[in-house]
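Let's work through a protein model together, one short exercise at a time. Keep the structure open beside you and try each task before reading its solution.

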Amino acid sequence: SLLRSCGYNHRDMVVKVTIGVQHPDQVDIGTVAASLPRGNPKVEVVKGGLNIMDPEQEGPTVIAAAADLPEVKAVATLNAPADVTHITGHFAQKLPEIEREGAANVLLGERAFRIEKQFIDDLQRHDIPRKAADLKRALLVLHAPTDETVGIDNAGRIFEAAKHPKSFVSLDTATHLLHDRRDAEYAAQVI
């Protein structure tokens with residue numbers, strides 16, 4: 001590796017991870033740090049991101065959002081949509097119920113989620129290609145070309161909008177939610 005060829009041990013490399021979630025106190029920093037394969041991890045958890053209730057799990061799925069934090073040096077997307085209409089289009093028939101009741105159960109990518117009005121409101125404030133263009137840091141776009149939930153054209157729009165440095169990684173035959181453990185492990189290693 002580059003570090004070894006320069007006479008450094010990989011443990012000398014500082015790996016700073018910032019995670020934005022709604023409940024920072026619930027993140028096990030030790031587990032996050034232990035999951036990093038290289039370097040000396042420095043993990044910081046801040047308030048941010050969005051929670052989506054997932055009835056199949058015993059808690060919410062968290063969409064972490066750290067791209068707006070100035071100390072973030074790089075961003076990775078994984079089978080990400082390029083616009084909010086793609087997301088809300090999957091449950092357009094439930095939008096009136098979400099508006100009226102404040103939340104509704106919807107099916108996304110073969111899984112049931114509880115979507116709250118706050119999530120819809122937050123989505124409408126995002127222009128993903130513009131954010132990619134204004135990112136001013138490294139971007140890694142990972143996407144499965146056979147993803148039937150979020151088409152590969154979404155990755156293309158994000159990638160085209162972004163400035164360099166940027167990279168694109170194809171996830172071969174992976175599903176949207178990376179059901180095959182090997183696909184998830186590969187994506188994690190690349191990131």
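The exercises below start with the whole chain and then move to single residues.

This is a predicted model, in which local features need pLDDT of at least 70 and side-chain atom pairs count only at pLDDT 80 or more, while totals for chains, interfaces and linings use all residues. Residues are numbered from 1 along each chain as its sequence is written, and side-chain values use heavy atoms, with hydrogens and water left out.

**Exercise 1. Get an overview of the protein and its confidence.**

Step 1: Begin with the secondary structure, which comes to eight helices and nine strands. Helices (H or I, at least four residues) and strands (E, at least two) are DSSP runs, numbered from the N terminus.

Step 2: Turn to burial. Of the 191 residues, 36% count as buried; buried means under 20% relative accessible area, exposed over 50%, and partly exposed in between (1.4 Å probe, protein chains only).

Step 3: Look at how the chain folds back on itself. Taking contacts (heavy atoms within 4.5 Å) between residues at least 6 apart in sequence, 67% join residues at least 24 apart.

Step 4: Check the confidence. pLDDT is the predictor's confidence in each residue, from 0 to 100. The protein averages 79, and 80% of the residues score at least 70. Confidence is lowest in strand E4 (residues 59-63), with a mean of 50, and highest in E9, at 95. Where pLDDT is low, the predicted coordinates should not be read in detail.

**Exercise 2. Describe the surroundings of Asn154 and the buried side of its helix.**

Step 1: Locate the residue. Asn154 sits in helix H7 (residues 152-161).

Step 2: Is Asn154 buried or exposed? Asn154 is buried, because its relative accessible area is 3%.

Step 3: Find a partner for the side chain. The Asn154 side chain reaches the backbone nitrogen of Ala82 at 2.8 Å. That fits the definition of a polar contact: a pair of N or O atoms within 3.5 Å, where within protein one must be able to donate a hydrogen and the other to accept it, and residues adjacent in sequence count only if both atoms are side-chain atoms.

Step 4: List the neighbours. Setting aside residues within four places in sequence, Asn154 is in contact with Ala80, Pro81, Ala82, Asp83 and His86.

Step 5: Widen the view to the helix. Asn154, Ala155, Ile158 and Ala161 are buried in H7. They cover an arc of only 135 degrees around the axis, so they lie on the same side of H7. The arc is that of the directions from the helix axis to the C-beta atoms.

Step 6: See what covers them. The cover includes helix H3 (84-89), helix H6 (128-133), strand E8 (138-143) and strand E9 (166-170).

**Exercise 3. Find salt bridges and say how exposed their partners are.**

Step 1: Set the rule and the total. A salt bridge is a side-chain nitrogen of Lys or Arg within 4 Å of a carboxyl oxygen of Asp or Glu, and the structure holds eight of them.

Step 2: Take Asp180 and Arg182, whose side chains meet in a salt bridge (2.7 Å, N to O). Asp180 is partly exposed, at a relative accessible area of 29%, whereas Arg182 is exposed, at 62%.

Step 3: Next comes the salt bridge between Arg181 and Glu185 (2.9 Å, N to O). Both residues lie in helix H8 (residues 181-190), four residues apart, about one turn of the helix. Arg181 is exposed, with a relative accessible area of 63%, while Glu185 is partly exposed, at 38%.

Step 4: Look for a network. Salt bridges that share partners join Glu99, Lys117 and Asp121 into one network.

**Exercise 4. Pick out the unusual backbone geometry.**

Step 1: Recall the background. Most residues other than glycine have a negative phi, and most peptide bonds are trans.

Step 2: Which peptide bond is cis? The bond from His164 to Pro165 is cis, with omega near 5 degrees. Pro165 lies in the loop between H7 and E9.

Step 3: Compare two residues with positive phi. Asn79 has a phi near 50 degrees, and Asp172 has a positive phi of about 50 degrees. Asn79 is in the loop between strand E5 (74-78) and H3 and is buried, at 2% relative accessibility. Asp172 is in the loop between E9 and H8 and counts as exposed because its relative accessibility is 53%.
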